[in-house]
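Explain how this chain is put together, moving from strand pairing to single residues and then to the enclosed and open spaces.

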Amino acid sequence: QLYLVVSGGGSAQAGGSLRLSCPASGHTQSTYCMGWLRQAPGKHREGGAALYTGGGSTYYGDSVKGRFTISRDNAKNTLYLQMNSLKPEDTAMYYCASDRGRCRVLYDGNWYPDDYPYWGQGTQVTVSS
């Protein structure tokens, strides 16, 4: 069983920054995909960024590209999302998730929900104008 614990959400002004953290424990795969997804009230869940642990390849959705950076501390087995130049439309619940190793989003830019059986509890990010 993989455990993901999300922290670092909160409130920020537009143009500000926040950093999310997601330490992971218990993964049975040696390489896998970890990602940050978000869901705003009344909207579908949206994929933000993904990282493949077997080499560090990354993917960014258009809405966060150039502003957010996904990274991982291998020693701490912790995933991060550095969010800069925040906008009010970034307001959402943010989730950390992990798949079993396919990381298909890197190849076709599509998030396949069934590929991600492991989820953190989510953290709220609120950006005010």
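Start with one bridge: Cys33 stands opposite Tyr52 in E5. The model is a predicted one. Cys33 belongs to strand E4, which covers residues 33-39, while strand E5 covers 46-52. E4 and E5 run antiparallel, and 6 bridges join them. Together they form a hairpin, with 6 residues between the two strands. Gly42 sits in that turn and has a positive phi of about 80°.

E4 has a second partner. Strand E9 (residues 92-98) pairs with E4 over 6 bridges, again in the antiparallel sense. One register point is Met34, whose bridge partner in E9 is Ser98. How enclosed is E4 by the rest of the structure? It is largely enclosed, because 6 of its 7 residues are buried.

Arg38 lies in this strand. Is Arg38 buried or exposed? Its relative accessibility is 7%, and buried means under 20%, so Arg38 counts as buried. The side chain of Arg38 has polar partners. A polar contact of 2.9 Å joins it to the side chain of Tyr94. Another, at 3.3 Å, links it to the side chain of Ser63. Setting aside residues up to four places away in sequence, Arg38 touches a list of residues that includes His44, Glu46, Val64, Phe68, Glu89, Asp90 and Met93.

Arg38 also leads to a cavity. The structure holds 1 cavity of 30 Å³ or more. The volume of the largest cavity is about 30 Å³. Which residues line the largest cavity? They are Trp36, Arg38, Gly48, Ala49, Val64, Phe68, Leu81 and Tyr94. Strands E4 and E5 each supply at least two residues of this lining. By class, the lining has 6 nonpolar, 1 polar and 1 charged residues. Three of the lining names appeared above: Arg38 touches Val64, Phe68 and Tyr94.

Phe68 opens the way to another sheet. Phe68 stands opposite Met83 in E8. This sheet is open and has 4 strands, in the order E1-E3-E8-E7, with antiparallel pairing. Its edge strands are E1 (3-4) and E7 (68-73), and each pairs on one side only. The pairing of E7 with E8 is antiparallel and spans 6 bridges. In a regular strand, side chains alternate between the two faces of the sheet.

Now look at Thr78, in strand E8 (residues 78-83). Its relative accessible area is 7%, so Thr78 is buried. The Thr78 side chain reaches the backbone oxygen of Lys76 at 3.0 Å. Beyond its neighbours within four places in sequence, Thr78 is in contact with Ser21, Cys22, Pro23, Ser71, Arg72 and Asp73.

Two loop residues deserve a check of their backbone angles. Most residues other than glycine have a negative phi. Asn77 is not a glycine, yet its phi is positive, at about 50°. Asn77 is placed in the loop between E7 and E8. Ser85 is not a glycine either, and its phi is also positive, at about 50°. Ser85 is found in the loop between E8 and E9. With a relative accessible area of 40%, Ser85 is partly exposed.

Turn next to the open space. The largest pocket has a volume of about 150 Å³. Its lining consists of Leu37, Arg45, Glu46, Gly47, Trp111, Tyr112, Pro113, Tyr116 and Trp119. By class, 6 of these are nonpolar, 1 is polar and 2 are charged. Two of the lining residues tie back to the E4 story: Arg45 and Glu46 are touched by Arg38.

Tyr112 is a good place to finish. It lies in the loop between helix H1 (105-108) and strand E10 (118-119). How accessible is Tyr112? Its relative accessible area is 26%, which makes Tyr112 partly exposed. The side chains of Tyr112 and Asp108 are joined by a polar contact of 2.5 Å. Along the chain, Tyr112 and Asp99 are 13 residues apart. Their C-alpha atoms are separated by 9.7 Å.

How values were computed
Residues numbered from 1 in each chain as written. Predicted model: local features only at pLDDT ≥ 70, side-chain atom pairs only at ≥ 80, totals over all residues. Heavy atoms only, no water. 1 Å grid on protein atoms, 1.4 Å probe; cavity = no way out; pocket = protein on both sides within 12 Å on 5 of 7 lines; lining within 4 Å. Points joined across faces, edges and corners; volume = space filled by probe spheres on them. Nonpolar A, V, L, I, M, F, W, Y, C, P; charged D, E, K, R; others polar. Buried < 20%, exposed > 50% of the residue type's maximum accessible area, 1.4 Å probe, protein only. Polar contact = N/O pair within 3.5 Å; in protein donor to acceptor, adjacent residues only side chain to side chain. Contact = heavy atoms within 4.5 Å. Pairing = 2+ DSSP bridges.
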